[in-house]
Amino acid sequence: MTVPALGELLATAHVVSLPLVTRFRGVDHREAVLMEGPEGWTEFSPFLEYDDAEAAVWLAAAIDFGWRRQPDPRRDTVRVNATVPAVRADEVAGVLARFDGCRTAKVKVAERGQTLADDVARVRAVRAAMGPEGRVRLDANGGWNVDEAEHAVHALAEFDLEYLEQPCTEVEELAQLRARIADWDIPIAADESVRKASDPLAVARAGAADLLVVKAQPLGGVAAALAIVAEAGLPAVVSSALDTSIGLSMGTTLAAALPDLPYDCGLGTASLLAADVTARPLRPSGGMLPVGRVVPDAAALARHAATPDRRAWWLDRLERCAALL
């Protein structure tokens with residue numbers, strides 16, 4: 001790919017730090033670099049623990065979205081799910097209240113330091129809040145081995161699960177679990193086995209998943225994600241990486257371009273942010289998000305600017321990643 005000159009990337013770069021409503025992925029602030037390219041604003045926000053090689057893929061996505069024309073949309077709105085972090089059961093209702101009109105909830109389970117009893121209590125509270133018609137999906141982020149995952153399925157199946165996302169880490173483990181629970185009619189979704197894999201199609205070839213979870217930034221951009229879905233031949237749900245509304249607009253662009261979109265997408269996560277970079281954050285309204293570019297608000301960029309040391313850290317990271325493209 002043709003990479004803009006480093007000076008062009010840095011010319012409009014803003015590093016922001018946004019507070020979260022509740023702790024998520026071990027952090028209480030989400031940091032991101034926002035840049036404006038010829039096509040509009042874009043985001044570079046790989047998670048802090050990722051090395052430069054993995055983070056460079058996220059920069060490729062940012063450049064693709066900001067500097068290249070995107071696919072034409074097939075829809076102008078995208079239905080999204082609520083996301084419930086690994087909170088206590090008595091906190092569930094408050095979290096769900098932030099996701100207006102969402103008929104689906106994704107619930108984090110297998111959190112380090114918690115127990116299966118904690119998961120059961122949380123999922124029970126979500127099912128009670130969503131009612132019998134609501135859709136409940138679980139995300140374990142690879143936190144179980146095969147035996148633990150099978151045991152968890154037995155404990156959680158009573159809550160009528162839509163699907164189970166990344167219950168185990170390895171593709172072989174997903175295939176084993178899928179075979180073990182075949183009679184339970186609980187589909188397996190692959191996330192990390194797609195976005196963090198050297199071969200994102202291996203999970204499909206192995207018959208280890210029923211659907212893919214795809215994220216625009218970690219997969220190198222909208223076009224790259226579309227190509228993976230097309231070649232895998234599996235249904236896909238588009239999810240976020242706890243992006244700002246700028247990054248979420250990249251996700252809605254991907255969701256809008258997919259030929260089929262059978263599942264509600266995990267793009268409503270601006271509701272987990274206590275602040276955003278635009279006066280009109282991409283939060284669900286009636287369970288939907290609009291498709292289109294987002295422009296940040298100058299006052300919000302200034303208000304949530306990262307500290308000088310964090311700005312320097314991010315811009316140095318961007319420079320190192322650009323050198324790898």
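Which strands does helix 2 lie across, and at what angle does helix 2 run to strand 3? Let's walk through this predicted model and build up to that packing step by step.

Start with the chain as a whole. The chain holds 12 helices and 12 strands. Its C-alpha trace spans about 55 × 40 × 40 Å along the principal axes. For 325 residues, a compact globule would have a radius of gyration near 20 Å, and the chain's value of 19 Å agrees with that. Of the 325 residues, 55% are buried. Among the contacts with a separation of 6 or more, 70% join residues that sit 24 or more positions apart.

Now turn to the N-terminal part of the chain, where you can find an open sheet of three strands. The strand order is 1-2-3, and the pairing is antiparallel. Strand 1 and strand 3 (40–44) are the edge strands, as each pairs on one side only. From one strand to the next, the twist averages 35°. A general point is handy here: strands of a sheet pair through backbone hydrogen bonds, either parallel or antiparallel.

Look more closely at the pairing of strand 1 with strand 2. Strand 1 covers residues 14–24 and strand 2 covers residues 27–37, and seven bridges join these antiparallel strands. You can trace two of the pairs by eye: valine 15 has valine 33 as its bridge partner in strand 2, while serine 17 is matched with glutamate 31. Strand 1 and strand 2 form a hairpin with two residues between the strands, and there arginine 25 takes a positive phi near 55°.

With the sheet in view, the opening question can be answered. Helix 2 lies across strand 2 and strand 3, and runs at about 175° to strand 3. Helix 10 (residues 245–257) also packs on the sheet and touches strand 2 and strand 3. The direction of helix 10 makes about 100° with that of strand 3.

Helix 2 has a helical partner too. Two packed helices are described by the angle between their axes and the distance between the axes. The axes of helix 2 (residues 52–67) and helix 12 come within 8 Å and cross at roughly 85°. That angle falls in the range of 65 to 115 degrees, so helix 2 and helix 12 count as roughly perpendicular to each other. On the helix 2 side, the contact is made by Asp52, Ala53, Ala55, Ala56 and Leu59. Helix 12 contributes Arg317, Leu318, Arg320, Cys321, Ala322 and Leu324. Sorted by class, this contact has eight nonpolar, no polar and three charged residues.

Stay with helix 12 for a moment and step back along the chain. Histidine 304 lies in the loop between helix 11 (298–303) and helix 12 (308–324). Is histidine 304 buried or exposed? Histidine 304 has a relative accessible area of 13%, and since buried means under 20%, histidine 304 counts as buried. Leaving aside its neighbours within four places in sequence, histidine 304 is in contact with Val15, Val16, Ser17, Leu18, Pro19, Ala275 and Asp276. Two of these residues have appeared already, as valine 15 pairs with valine 33 and serine 17 pairs with glutamate 31.

Next, visit two loop residues with an unusual backbone setting for you to inspect. Alanine 110 has a positive phi of about 60° although it is not a glycine. Its place is in the loop between strand 6 (104–108) and helix 4 (116–130). Aspartate 185 is also not a glycine, and has a positive phi of about 55°. Aspartate 185 lies in the loop between helix 6 (171–180) and strand 9 (188–190). Their surroundings contrast: alanine 110 is buried, with a relative accessible area of 19%, whereas aspartate 185 is exposed, at 66%.

Helix 6 brings us to a last stop, valine 171, which lies in that helix. At 17% relative accessibility, valine 171 counts as buried. Which residues does valine 171 contact, leaving aside its neighbours within four places in sequence? The list is Ser193, Ala202, Val203, Ala206 and Ala208. Take serine 193 as one of these: valine 171 and serine 193 are 22 residues apart in sequence, yet 6.6 Å apart in space, C-alpha to C-alpha.

Methods:
Residues numbered from 1 in each chain as written. Predicted model: local features only at pLDDT ≥ 70, side-chain atom pairs only at ≥ 80, totals over all residues. Heavy atoms only, no water. Helix = DSSP H or I, 4+ residues; strand = E, 2+ residues; numbered from the N terminus. Buried < 20%, exposed > 50% of the residue type's maximum accessible area, 1.4 Å probe, protein only. Contact = heavy atoms within 4.5 Å. Axes fitted to C-alpha atoms, helices over the stretch in contact; angles between N-to-C directions. Parallel < 35°, antiparallel > 145°, perpendicular 65-115°, else oblique. Nonpolar A, V, L, I, M, F, W, Y, C, P; charged D, E, K, R; others polar. Pairing = 2+ DSSP bridges. Rg over C-alpha atoms; globule rule 2.2 N^0.38 Å.
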